[in-house]
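Hello,

Here is the structure we talked about handing over. My notes on it follow below.

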Amino acid sequence: MKFTVESKILKEAIESIQVKGKSTTNNGFGNTSLGNYAHIILAGNNLQIWNGDSTFCVKINLTVEGERDGHCVVDVSMVIPYLNSFGENTIVNVDDFMSLSSGRKKASVPLITNHPNEQALDTLKNMLLHINYTPNPNVLFNFGKSKFEVAFTISQEQLNDAIKTCELVKTGVYKFDFNKSKEEPYAGTLEVSSRQNATNKYDEIITPVFTTGDGGATLEFSSPIHKFFQKGQMLNIYMKDEFPLLIVSNNRLLLKAPFVSGD
């Protein structure tokens, strides 16, 4: 595998797929991460970067100058420090190891034989192959043997602001409650909330656009999903009661299993 990419774009992408932030842990509310390992796939000029496990999966698509298709798994924590000191563009060449070069600078890092969650990640990849981004999400995608029941669009800024404020409750568990308007068929509201008890809680109402589907949907999830998307992106959100949460932007995809007591 060989390609050329802007150094800062690759750095931001492989930082993002770690999905670092505050969430629920075994010791309460604290720092979490999806992990350092990325499965990188090059086909033509399209670079896919995947990370995940059986309950949480993310993907980023980048346009690069591809020379030789291929795929590999790498520990991104070893790559990021080099990209910090590289010039505008980086040439990535993968054979027995990953070679990174930018002008007179050259580094190499070892490859990982398999992603730690390879089997689960491969399963989810196959289930998400048909998912794509459209400015107006008017198709409710299938996932497994079922399909999402509602879809709508909000901005990255709306999602980020709502969950950042919910974090002040310090449970790491967030609730999405979408209700379709009975008066206006293409309108609805999304309530984003977090609750520890009757006196420590937060909720916020967001008015989405491009709503699709009938009725409403409610689910809870953990993980700092707002950290994954970029400023200025519009996010298509797909929901169904007690079903995985799917969020798709123009170049990113996130799937998160619902939170259940004991997670």
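Between which two strands does the loop with serine 223 lie? Serine 223 sits in the loop that runs between strand 19 (216-222) and strand 20 (234-239). Please keep in mind throughout that this is a predicted model.

Backbone

Serine 223 has a phi near 105°, which is a positive value in a residue other than glycine. With a relative accessible area of 9%, serine 223 is buried, because buried means under 20%.

Glutamate 242 also has a positive phi, about 50°, and is not a glycine either. The loop that holds glutamate 242 lies between strand 20 and strand 21 (245-248). Is glutamate 242 buried or exposed? At 54% relative accessibility, glutamate 242 counts as exposed, since the cut-off for exposed is over 50%.

Nonpolar cores

The largest nonpolar core has 57 residues, and the members that touch the most others are Ile49, Met98 and Met239. There is also a second, separate core of 16 residues, which includes Ala151, Tyr238, Phe243 and Leu253.

What does methionine 98 touch, once residues up to four places away in sequence are set aside? The list for methionine 98 is Ile40, Cys72, Val74, Val79, Val92, Asn93, Ala107, Ser108, Val109 and Leu111.

Salt bridges

How many salt bridges does a search of the whole structure find? The search finds 4. Three of them are described here, among them one that joins two strands.

In that one, glutamate 67 pairs with lysine 2, and the closest N and O atoms are 3.8 Å apart. Glutamate 67 is in strand 7 (residues 65-68) and lysine 2 is in strand 1 (residues 2-6), so the salt bridge ties together parts that are 65 residues apart in sequence. Glutamate 67 is exposed at a relative accessible area of 56%, while lysine 2 is partly exposed at 24%.

Another salt bridge is formed by lysine 11 and glutamate 15, with 3.0 Å between the closest N and O atoms. Both residues belong to helix 1 (residues 7-16); they are 4 residues apart there, so about one helical turn separates them. Glutamate 15 has a relative accessible area of 32% and is partly exposed.

The side chains of aspartate 122 and lysine 125 also meet in a salt bridge, at 3.6 Å from N to O. Why are aspartate 122 and lysine 125 separated by about one helical turn? The reason is that they are 3 residues apart in helix 3 (residues 118-128). Aspartate 122 is partly exposed, with a relative accessible area of 30%, whereas lysine 125 is buried, with 8%.

Helix packing

Helix 1 packs with helix 2 (residues 76-85) at an angle of about 150°, and their axes are 10 Å apart. The two helices are therefore roughly antiparallel to each other, because angles over 145 degrees count as such. The crossing of helix 1 and helix 2 is left-handed.

Which residues make the contact between helix 1 and helix 2? Helix 1 contributes Ser7, Leu10, Lys11, Ile14 and Glu15, and helix 2 contributes Val76, Val79, Ile80, Leu83 and Asn84. Lysine 11 and glutamate 15, the salt-bridge pair of helix 1, are thus both listed in this contact. Val79 of helix 2 is also one of the residues that methionine 98 touches.

Helix 4

Two residues of helix 4 (residues 156-166) are worth a line each: lysine 164 and isoleucine 163. Isoleucine 163 is buried, with a relative accessible area of 0%, and lysine 164 is partly exposed, with 44%.

Leaving aside neighbours within four places in sequence, isoleucine 163 is in contact with Tyr174, Val192, Phe221, Ile225 and His226. How far apart in space are isoleucine 163 and glutamate 204? From C-alpha to C-alpha they are 9.3 Å apart, and in sequence they are 41 residues apart. For lysine 164 and isoleucine 112, which are 52 residues apart along the chain, the C-alpha atoms are separated by 34 Å.

Regards

Methods
Residues are numbered from 1 along each chain as its sequence is written. This is a predicted model: local features need pLDDT of at least 70, side-chain atom pairs count only at pLDDT 80 or more; totals for chains, interfaces and linings use all residues. Side-chain values use heavy atoms; hydrogens and water are left out. A nonpolar core is a set of buried Ala, Val, Leu, Ile, Met, Phe, Trp, Tyr and Cys residues joined through side-chain atoms within 4.5 Å. Buried means under 20% relative accessible area, exposed over 50%, partly exposed in between (1.4 Å probe, protein chains only). Contact means heavy atoms within 4.5 Å. Axes are lines fitted to C-alpha atoms, for helices over the stretch in contact, and angles run from 0 to 180 degrees between N-to-C directions. Angles under 35 degrees count as roughly parallel, over 145 as roughly antiparallel, 65 to 115 as roughly perpendicular and the rest as oblique. A crossing is left-handed if the near helix is turned anticlockwise from the far one by less than a right angle, and right-handed if clockwise.
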